[in-house]
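Please walk me through this protein model, beginning with a pair of charged side chains and moving outward to the fold as a whole.

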Amino acid sequence: MEILSSVPLHLRRHDSREKRICIIGAGPGGLAALKVISESAYFKSGKWSVIAYETREKVGGVWLPAPPVADAYNAPITPIYDSLTTNLPHPIMAYTSYSFPPETPLFPPARVVQTYLESYAAYFNLMSLIKFDTTVLDVRWESTQWTVTLSDGGHFAYDHLIVANGHYHLPRIPEVPGLADWVKNGRASHSAWYRKPDFLGDKILVVGSGPSGQDIAAEMCTVSSVVIHSVATPGATTNDAGNLIRRGRLIEVKANGQVAFDDGTTEDNIDHCILATGFQMHFPFLEGASMINKNIPPDFPPLSPGELFNSTYHVFPLAKHLFPLQAQYPISSIAFMGLIIRVAPFPLMEAQAYAIVRAFSDPSSLDPITETVDIITRADPIRHTGASTPLDIAKAWFRFDREDQWDYRDALYQFAQGMGSGTPLIKVTDWEKELYDLKTELRSGWEDLEKSGDSSEWLRDVGKNGVQDWVRLMYRVAEYARSRKNLLERL
């Protein structure tokens with residue numbers, strides 16, 4: 001008995017009736033899964049056990065800052081830069097079950113989000129369910145279970161896996177003629193390495209129109225004479241500074257420092273290029289035993305039988321964007337969380353966690369035929385927007401627009417209701433939908449309030465009476481932003 005008691009509870013041999021669940025990662029997705037599973041009747045009754053393995057020393061995933069030092073994959077472990085703030089108001093971004101503290105700035109800096117995630121883990125008693133400084137090196141399906149190999153030398157068997165390792169780690173370098181040489185020679189670098197606006201030359205090129213590309217272009221204007229910002233639609237955003245020049249999509253870079261764009265323009269004497277061009281989906285622990293095919297899936301229908309693909313843009317095919325439709329292992333034995341982009345991620349991942357509990361507890365709830373039809377149906381509107389090749393479809397697959405994310409969240413909670421699960425029937429509120437669509441105006445208005453020094457007064461006591469305080473504030477900020485815009489247009 002002394003030997004048994006010295007072994008951590010989650011590593012002991014378990015009664016064969018107990019279902020063992022392994023979560024890879026303790027960032028926002030892994031924490032949501034831990035929270036929902038640990039509150040389930042299955043966990044509380046001892047029928048399920050769960051453990052999350054986290055490579056780093058704390059929870060938080062991408063939100064936990066780190067210096068730009070190369071890891072085993074020659075990339076920084078997080079791309080968080082010093083000035084980063086959220087691009088969504090935190091009442092929309094927050095987990096449905098847990099709000100940010102009262103008087104939190106509407107678009108908080110990354111360190112506030114990290115503190116929020118630590119608070120979430122502590123409030124729901126998740127810390128004892130996480131093993132830190134432990135990397136999952138390999139997972140493979142063997143007979144009836146997943147065998148998991150850890151960086152500390154451990155090998156353990158689990159009935160279910162939840163993959164929540166994030167997708168903001170491995171930089172994506174665009175295939176632009178000449179660019180690989182620039183990267184190799186240090187003339188170009190990915191934004192994953194960026195932390196603050198250091199002087200890299202008089203004329204800088206920033207590629208990418210997402211939030212980080214916009215932030216970095218604006219910041220580099222403070223240290224460089226000229227910043228060229230390459231975006232897909234250069235006329236969509238107004239110039240923010242006199243030394244910022246917007247150009248179209250980058251199509252070529254030359255050894256002499258000249259670059260060319262798809263709008264027919266060129267720029268000479270570029271000293272350095274920063275690539276805010278996104279990240280690849282990356283699951284190295286699944287590749288060793290060929291649990292995933294690292295290629296673009298062929299065109300469909302029909303779906304390619306038996307295989308799961310990682311195109312680096314999407315994982316395919318996944319039932320409910322979670323469960324792999326393939327033939328190597330049971331569909332409900334593994335779930336991939338948080339792969340969808342252009343959404344409010346935290347509440348969506350909480351909804352995914354409830355759906356995962358339903359599928360793990362009742363594998364028959366996933367009907368492969370129905371799920372296949374849903375996948376084929378999703379492809380139709382993507383093709384209608386101009387996606388004509390398997391690569392085009394892969395790039396667009398997880399890019400949710402407007403109503404997509406709300407319908408998806410509602411459908412996940414509806415699915416999770418089955419089998420007397422006790423899942424709360426949560427529906428996306430009207431204010432979430434309306435204010436999400438106003439996120440750009442809200443951020444502009446909030447930045448004005450922070451610059452004027454008025455934001456603290458606007459925040460006074462907000463949140464102390466619940467979420468409706470935040471809703472009223474956001475509508476107030478939206479109206480303020482509209483009034484400011486109208487005033488400026490009349491001047």
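Are R358 and D362 buried or exposed? In this predicted model, R358 is buried, and D362 is buried as well. The two side chains form a salt bridge, in which the closest N and O atoms are 3.3 Å apart. Elsewhere, K203, R247 and E267 are joined into one network by salt bridges that share partners.

The overall frame comes next. The secondary structure of the protein comes to 16 helices and 22 strands. The radius of gyration is 24 Å, close to the 23 Å that the globule rule gives for 491 residues, so the protein is as compact as a globular protein of that length. Taken along the principal axes, the C-alpha atoms fill a box of roughly 75 × 55 × 50 Å. Of the 491 residues, 51% are buried, and among the contacts with a separation of 6 or more, 63% are accounted for by residues that lie 24 or more positions apart. The accessible surface comes to about 22,400 Å², and carbon and sulfur atoms hold 53% of that surface.

Within this frame, one element to follow is an open sheet of five strands, whose order is 3-2-1-7-22 and whose pairing is parallel. Its edges are formed by strand 3 (130-131) and strand 22 (334-336), each of which pairs on one side only. Inside the sheet, strand 1 (residues 19-24) and strand 2 (residues 48-53) run parallel and are joined by six bridges, with I24 standing opposite Y53 in strand 2.

A hairpin offers a contrasting arrangement. Strand 5 (residues 145-150) pairs with strand 6 in the antiparallel sense, over four bridges, and V148 stands opposite F156 in strand 6. Strand 6 (residues 155-158) has two faces, a covered one that carries F156 and Y158 and an uncovered one that carries H155 and A157. Four residues lie between the strands of this hairpin, and there G153 takes a positive phi near 95 degrees.

The hairpin and the sheet can be considered together through a charged contact. The side chains of D152 and K131 meet in a salt bridge, at 2.9 Å from N to O. This pair links distant parts of the chain, since D152 belongs to the loop between strand 5 and strand 6 whereas K131 belongs to strand 3, 21 residues apart. D152 has a relative accessibility of 46% and therefore counts as partly exposed, and K131, with a relative accessible area of 22%, is also partly exposed, as both values fall between the 20% and 50% limits.

Another salt bridge brings together D138 and R140, whose closest N and O atoms are 2.7 Å apart. Here the partners fall into separate classes: D138 counts as buried because its relative accessibility is 12%, under the 20% limit, whereas R140, at 28%, counts as partly exposed. Over the whole model, the count comes to 22 salt bridges.

The path ends at the surface, where L487, L488 and L491 form a nonpolar patch with about 340 Å² of accessible area together. One of these residues, L488, has its place in helix 16 (residues 467-490).

Definitions and conventions:
Residues are numbered from 1 along each chain as its sequence is written. This is a predicted model: local features need pLDDT of at least 70, side-chain atom pairs count only at pLDDT 80 or more; totals for chains, interfaces and linings use all residues. Side-chain values use heavy atoms; hydrogens and water are left out. Buried means under 20% relative accessible area, exposed over 50%, partly exposed in between (1.4 Å probe, protein chains only). Two strands pair if DSSP finds at least two bridges between them. Patches are made of residues with over 30% relative accessible area and no salt bridge: like charges are joined within 9 Å, nonpolar side chains (Val, Leu, Ile, Met, Phe, Trp, Tyr) within 5 Å. Accessible areas come from the Shrake-Rupley method with a 1.4 Å probe; for residues, only the protein chains shown count as cover. A salt bridge is a side-chain nitrogen of Lys or Arg within 4 Å of a carboxyl oxygen of Asp or Glu. The radius of gyration is taken over C-alpha atoms; the globule rule is 2.2 Å times the number of residues to the power 0.38. Contact means heavy atoms within 4.5 Å.
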